[in-house]
Amino acid sequence: MKRYDEYSDIELLDLMKKDHEQALSALYHRYWNKLLVVAAHRLDDITIAEECVQDLFCSLWSRRHTLVLRFSLATYLSVAVKYQVIKQLDLQYRKAEQKEKYISDYASSINLPSADESILEKEMIERISAAINRLPDKCRIVFKLSREEGMPNKQIAVELGIAEKTVEAHISKALKELRTDLVTISPLVLFYLFEK
């Protein structure tokens, strides 16, 4: 009988469908380093990159009975790890957004603006944030990297592993959707948001 590391990817996937945990282990050892390099290249934290790859293999195991691949397993894993990275970046941005909101709320309480100003500002921030969060995942991430992080399109393309034209398309789409969504907000605010 062959050792598990001698089986092809297809054979290992078939064994996984029969609940052979050793088949998953063989795939894990075969692809771990390659996937970790991809994740670590796009994330600043090696621990978070390791969690992304770990989550990917957990997902592969939990979906073993229903998984149908249109391409090779290597291609599937390469795309899947990029989506894990995108999800992690989105989570990081949401946390940063919450921290920024906390600081903004604290600063507002120190300045003690009038009740009307405070309510209007809070409503405006919530509307803009909600509109941004309604954008499709990739579109939202690209928009936040561009407008909130101030990253140039070329750097965003490298960071997310996509073409610069794709970055431009995501930003154009985001701006179009946000202009439509935020039509009643002050033109000055929209200028600040869209013309950076």
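Helices here are DSSP runs of H or I with at least four residues, numbered from the N terminus.

**View 1. The whole chain is an all-helix succession in a predicted model.** Starting at the N terminus, the elements follow one another as α-α-α-α-α-α-α-α-α. That gives nine helices and zero strands for you to trace. The protein has 196 residues, and 35% of them count as buried. Its accessible surface comes to about 12,500 Å², and carbon and sulfur atoms hold 56% of that surface. Look also at how the chain meets itself: among contacts with a separation of 6 or more, 57% link residues 24 or more positions apart.

**View 2. Helix 1 packs on helix 2.** Two packed helices are described by the angle between their axes and the distance between the axes. For helix 1, residues 9–17, and helix 2, the angle is about 145° and the axes are 8 Å apart. On the helix 1 side, you will find Asp9, Leu12, Leu13, Leu15 and Met16 making the contact. Helix 2 answers with Ala23, Leu24, Ala26, Leu27, Arg30 and Tyr31. Sorted by class, the residues of this contact are nine nonpolar and two charged, with no polar ones.

**View 3. Tryptophan 32 sits in helix 2.** Staying with helix 2, which spans residues 21–42, we now turn to tryptophan 32. Its relative accessibility is 16%, and because buried means under 20%, tryptophan 32 counts as buried. Which residues is tryptophan 32 in contact with, leaving aside its neighbours within four places in sequence? They are Leu27, Glu50, Val53, Gln54 and Phe57. Leu27 is a residue you have already met, as part of the contact between helix 1 and helix 2. Phenylalanine 57 lies 25 residues from tryptophan 32 along the chain, and the C-alpha atoms of the two are separated by 9.0 Å.

**View 4. Aspartate 90 of helix 4 meets arginine 140 through a polar contact.** Helix 4 covers residues 73–111, and aspartate 90 has its place there. Is aspartate 90 buried or exposed? It is buried, because its relative accessible area is 10%, below the cut-off of 20%. The side chains of aspartate 90 and arginine 140 are joined by a polar contact of 2.9 Å. Not counting residues up to four places away in sequence, aspartate 90 touches Arg140 and Ile141, so do keep both residues in the frame when you zoom in on this view.

Note on methods
Residues are numbered from 1 along each chain as its sequence is written. This is a predicted model: local features need pLDDT of at least 70, side-chain atom pairs count only at pLDDT 80 or more; totals for chains, interfaces and linings use all residues. Side-chain values use heavy atoms; hydrogens and water are left out. Helices (H or I, at least four residues) and strands (E, at least two) are DSSP runs, numbered from the N terminus. Buried means under 20% relative accessible area, exposed over 50%, partly exposed in between (1.4 Å probe, protein chains only). Contact means heavy atoms within 4.5 Å. Axes are lines fitted to C-alpha atoms, for helices over the stretch in contact, and angles run from 0 to 180 degrees between N-to-C directions. Ala, Val, Leu, Ile, Met, Phe, Trp, Tyr, Cys and Pro count as nonpolar, Asp, Glu, Lys and Arg as charged, and the others, Gly among them, as polar. A polar contact is a pair of N or O atoms within 3.5 Å; within protein, one must be able to donate a hydrogen and the other to accept it, and residues adjacent in sequence count only if both atoms are side-chain atoms. Accessible areas come from the Shrake-Rupley method with a 1.4 Å probe; for residues, only the protein chains shown count as cover.
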